[in-house]
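Me: Hi! I'm new to this one and would love a friendly walk-through. Could you put it up first?
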Amino acid sequence: MTTLTINGKMIEAPGGTILEVSQANGIRIPTLCHHPALAPKGACRVCLVEVKGSRVLQPACTFPISEGMEVQTESPKVRAARKFVLELLLSDHPKDCMTCEMCGNCELQDLIYEYGVKETPFVGEQHEYPLDDRDPFIIRDMEKCIRCRRCIRACDEIQAVNAITMINRGFRSKVATSFDTRLQDSNCVFCGQCISVCPTGALTEKDSHGLGRAWQTTKVTTTCPYCGVGCNFDLNVRDGKVVKVTSHWNNPVNKGALCVKGRFGWQFLHSPDRLTKPLMKSSLWKERKGTEGAPSRYEGFVETDWETALDAVAEGLLTAKSEDGPDAVGILASAKCTNEENYLIQKLARREIGTNNVDHCARL
Amino acid sequence: MTLKELERIRAKAQKELAVRGVEIPPDSELKPPRPGEVRVVLRNCGLIDPERIEDYIAKDGYFALYKVLNMAPEQVIDEAKRSGLRGRGGAGFPPGQKWFFARQAVAARPAPTDGTPPAYLICNGDEGDPGAFMDRAVLEGDPNSVLEGMAIAAYAMGATQGYIYVRAEYPVAVEHLRTAIPQARRLGLLGKNIFGKDFDFDVDIRIGAGAFVCGEETALIDSIEGRRGEPRPRPPFPAVSGLWGKPTSVNNVETLANVPQIFLNGADWFAAMGTEKSKGTKTFAIAGKVKNAGLIEVPMGITMREIIYDIGGGILNKKKFKAAQTGGPLGGCLPAKYLDTPIDFESLAAAGSLMGSGGLIVLDENDCMVDVARFFMDFTQDESCGKCPPCCLGTKRLLEILTRMTQAAGTAEDMQTLEYLTQNIATASLCALGQGSVNPVVTTMRHFRDEYEAHVNEKFCPSGVCKGMFHYEILADVCNGCGACRKKCPDKVIKGDKKVVHEIDLPNCIVCGDCYKACKFEAIAIRPGPTPKSRLPERR
Ligand SMILES: Cc1cc2nc3c(=O)[nH]c(=O)nc-3n(C[C@H](O)[C@H](O)[C@H](O)COP(=O)(O)O)c2cc1C
Ligand code: SF4
Ligand code: SF4
Ligand code: SF4
Ligand code: SF4
Ligand code: SF4
Ligand code: FES
C-alpha cells in the first residue's frame, strides 16, 4: 500500500496513476487525451496537477503515485494551466457547436463550458482543412481535431491496423494516413474504432449526420446480428428508429471494438426491401394450390405465410429423404442465429433427417 | 584481445603515427587549440586518422576499457560519480547516477530468457541545435573514443547492446562509425568476452531523419523503435523502462567521449578541472559576430568574456557586444552584464539560460533582440512534435506575436499576452522543448525590454533590423564628407560634395543599409519611422 495526500486528504492505494487513484477516491480530474480503453499518452495537458517537489505541472493520467506524494488537483495554478490549454485549443477551433454532430457529446465542449472559456486571448492563424467526406462511413473534419491521438492509438492498440498516424511537425502536424490519402486508399478497414474514441466532432459517422443529438436518442444495448462473434453495441434510437451504432465499452465479448458491418451496417433495419413475409416460387404455389397466388415485388415469387412455407419445406425434405436417403440432404446454418437456434438446427439434421451434413457459415 | 596484444599494437602504431603524421586540415572548422583551450574530448581530433583504430590505440585508446573491466561495475559507477562528470547533452545529469539507476532496474527484473539484451546503452548523436557541431567533430574525428566510452558505460550499467543515434545530415560521421565499429569488432574490443572477461557488448548505428525533437531521449527511443519520435512523459524514466521497455541509459556523444579519459587519468584529474559543481571541460561552437568563429574546448568556469574576446578574438568590425545566446534555441540571451559570469551549469541556469549542448551565438549592436527571439521561436515552432497544445499551439501564438512586433503591428496587449504565454508554456508543456522554447523570449524581454517597447510603442527597431521600422540619417556634426556612402548607395539617393556633409534623399531611400555599413565614422544613425519606399503594406 502506498500512502499519499491528494488535496490534503490522506489516501491509501495499491498503486496506479494519480488519475486512477483520484477517480477511485471520488476526486474528478478533467481529461481529454485519456481514454480508459487506451494506453495513457500525457498529450493534452488538461489533467495537469501539482506534485510537490516538481518544477513543472505533471499529467495525472501518466504520473504514477509514490509514497508520501503530495498532490493538488484543483489549486489556482492547476486551474489556470488547464484554462490556458483550453484557450489555446479554442484559438484554433471552429466554434460551430450549433451544427456540429458532436454537440452535447463533446468532451472539448464540456471542458470549455466547465472552465468558462468564453473568449480566447489569442488571435492567430487557424487550421483550414477541407471537410473530408470522400470516404464511405467516416467524415473527417480535421479543423475540429485537437491532436489528442486517441484515434491513432485506437487504430494501433485495439484494431492493430495502424492506418493513421501524425504527419508533419509543429502547427502543421495532423492526423492522416501515410501520404495523407483517403482512408479507402490506406489499409483502413473502416472498423470505426477511431470514431468511437474521438472526443470531438473531428471524426463522425457519415450516415448518422443530422439524425439526432446525444440527448435526443436512447441507447439500447444489444448483440450484433451479423456474425458468430456476438459483439455487443448500443443502438442509438430516436423516435423508434435506429440512427447510429456506438461502442458499448463494458462487455466481455468485444470490449467496445466492432467491425465495419456491426458499426456501419444498420440501415437495413428500416429498409423497405427487407423480407418480412416468406416467399414461395410461383410454380410451386401453382402446383400446390392451383391458383396464381398473391404477387410479390420479386418476379417468379409469391408472398405467403409461415405455415404454408414451412409445410412446403418439410414436405420437400421428407421427399428427398425417402427417395434418395438422408445424406441427400445438407443443412448450412447461419451465424446470425443464436447458439440455441443453431443447436436446434443440428438436432433437426442429425435426429430428424439422420444426416451429418450440417455446417455453419462462421466456420468458413 | 589481451593487454599484451593491445600494448604491442600501441607501440607499433605510435611509431607509424610518428613517421606518417596527421594534421588538422587547414579548411576544417576545428582549428589547432588557441591559448586558453584545454582539449580532452577533442584531443585526438585532427591528430589521428579516425578510420584507423590503431591510431586511436596509439593514443592509449581502449586502455581505459581494459582497466574498467578489471573493476567491479559498482566501482566504475562510483569513480564516474567521483569525477563530477555531468551530461553534456543539455540537462547536466551525472551519467554515473544514470548508470546506477539502470543497474538497479536490471537487477530488479528477471534476466531475459529470450536472448534479448537485459538493458541498452544509447549514444545520443542527434545534435539538432542550429549551428552546433561539437558532437559531429568528435564522431568524425575520433569515433573510437565514443565507442570506448560506450563500452565502459555499458559495463557499468549492465547493457550488452548499444546504439549510436546519428542524424542523416552527418554522412561523414556515419561513414567513420561504419569503419570504426567493424575494426573494433575485429580486434575483439566489441563483441563477446571483451578482454577475455565475462562481458559482451556490441554497437549498431541508427540514423535519424534530422528532427530536433528526436534528440530528446524519449523521442529518440521512439525513433529507434521505428516510430515517429514524440517525447513521452516521465516517469517511467528510460533508466527504468526505455528502449523496448528495457532499462536504458541515453548519454550524449561528448559525455561518453570524456569517459575513457576519466578512467585513464583518474577521477581526481578530471575533478581538478572546472568549478565546484561543473567539472571538466566543455566544447562550444562559437558563431555569430565574432572574429574567430568555430569549435573550442575550454575548462568549465571560464567566463564569456574570455571565450569571446581572448579565444574568439572579439567582435567583428569593432562593433559593440550586445548579447550572447547560449544553450541553443532553448537557451537564453545574456547581455553584457553577464560577460564575467563563469560558464557552468548553475551560473547559466541562474541567469535564465542553459548550458545546452554548447552553442554560443554572439550578437552585436546591429542585432535586434525581438527579431532574434522571433528567429528562435520560428525554429522551435517548426520542430515542435505537435503532441501537446502548450507547445504546438502556444509557440505558434508566440511566433505570431513576435512576427507582428517585427512588422510594426505589435500592440501593448501583445506584450501582456507574450508574458502570459511564456509563463504557461514553461510549466504546462510535456517536454523540455516546449518548456525551454520560451527562454529566448523571456531573457530578451527581461534584459532588452526597451527594445520590445520601442517596437510596440514607437514602431521603431533601434538596431536597424526590422524592415519598415526605421530609417537612416546622416549626422551633420559627424559626417566629414568622405563620400563612401554615396558611392555604395545602389539607388544613388545620397547627395553631397567632397568634404561637405552628405544628405540622404529620404523620400527615395529604400533603407537597404549599404551606406550604414560603408560609413567608417559612425556618422549614420538609425532613426524611427519608415521612408515612403520602406513602409510595410498595411496589415489586414
Ligand atoms: C528538444 C530536445 C533536444 C535534445 N537534443 C539533444 C541532442 O541533440 N543531443 C543530446 O545529446 N541531447 C539532446 N537532448 C537531451 C537529451 O534528452 C538527454 O538529456 C541527453 O541525451 C542525455 O545525455 P547526457 O546525460 O549525456 O547529457 C535534447 C533534449 C531536448 C528536450
Ligand atoms: S467538436 Fe465539440 S467544441 Fe468543436 S464544434 Fe463540435 S461540439 Fe463544438
Ligand atoms: S476505421 Fe478502424 S482501421 Fe480505419 S482508421 Fe479508424 S480505427 Fe483505423
Ligand atoms: S481525430 Fe479525434 S481522436 Fe483523433 S486526434 Fe483528432 S480529436 Fe483526437
Ligand atoms: S513540448 Fe513540444 S516537443 Fe515536447 S511533447 Fe509537447 S509538443 Fe512535443
Ligand atoms: S560615409 Fe559617413 S562620413 Fe562619409 S560621407 Fe557618408 S555619412 Fe559622411
Ligand atoms: S488526459 Fe492527461 S494529458 Fe491528456
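Me: Thanks! How many aromatic pairs does the structure hold over all chains?
Reply: There are 19 over all chains. Rings of Phe, Tyr and Trp (its six-membered ring) pair if their centres lie within 6.5 Å; planes under 30 degrees apart count as stacked, over 60 as edge-to-face and the rest as tilted. One of them joins A:F137 and A:F190, edge-to-face, with 5.8 Å centre to centre and 65 degrees between the planes.

Me: Where do A:F137 and A:F190 sit in the chain?
Reply: In distant parts of it, 53 residues apart. A:F137 is in the loop between α3 (107-114) and β6 (138-140) of chain A, and A:F190 is in the loop between β8 (174-177) and α5 (193-197) of chain A. Helices (H or I, at least four residues) and strands (E, at least two) are DSSP runs, numbered from the N terminus.

Me: Anything I should know about the model and its numbering?
Reply: It is a predicted model: local features need pLDDT of at least 70, side-chain atom pairs count only at pLDDT 80 or more, and totals for chains, interfaces and linings use all residues. Residues are numbered from 1 along each chain as its sequence is written, chains are lettered from A and ligands numbered from 1 in the order in which they are written, and side-chain values use heavy atoms, with hydrogens and water left out.

Me: Okay, new topic. How many residues of chain B and chain A are in contact?
Reply: 34 residues of chain B touch 38 residues of chain A, where contact means heavy atoms within 4.5 Å. The side of chain B that touches chain A gets its largest share, 8 residues, from α17(B).

Me: Which salt bridges are there across it?
Reply: The rule finds 3 between chain B and chain A, each a side-chain nitrogen of Lys or Arg within 4 Å of a carboxyl oxygen of Asp or Glu. Among them, B:K396 meets A:E125 at 2.8 Å, N to O.

Me: And the ligands? What surrounds ligand 6?
Reply: 13 residues surround ligand 6, and the closest are B:C479, B:C482, B:G483, B:C485 and B:C519. A residue is near if one of its heavy atoms lies within 4 Å. The shell around ligand 6 has 9 nonpolar, 4 polar and no charged residues. Ala, Val, Leu, Ile, Met, Phe, Trp, Tyr, Cys and Pro count as nonpolar, Asp, Glu, Lys and Arg as charged, and the others, Gly among them, as polar.

Me: How does the shell around ligand 2 divide by class?
Reply: Into 5 nonpolar, 4 polar and 2 charged residues. Its neighbours include A:H93, A:D96, A:C97 and A:K144.
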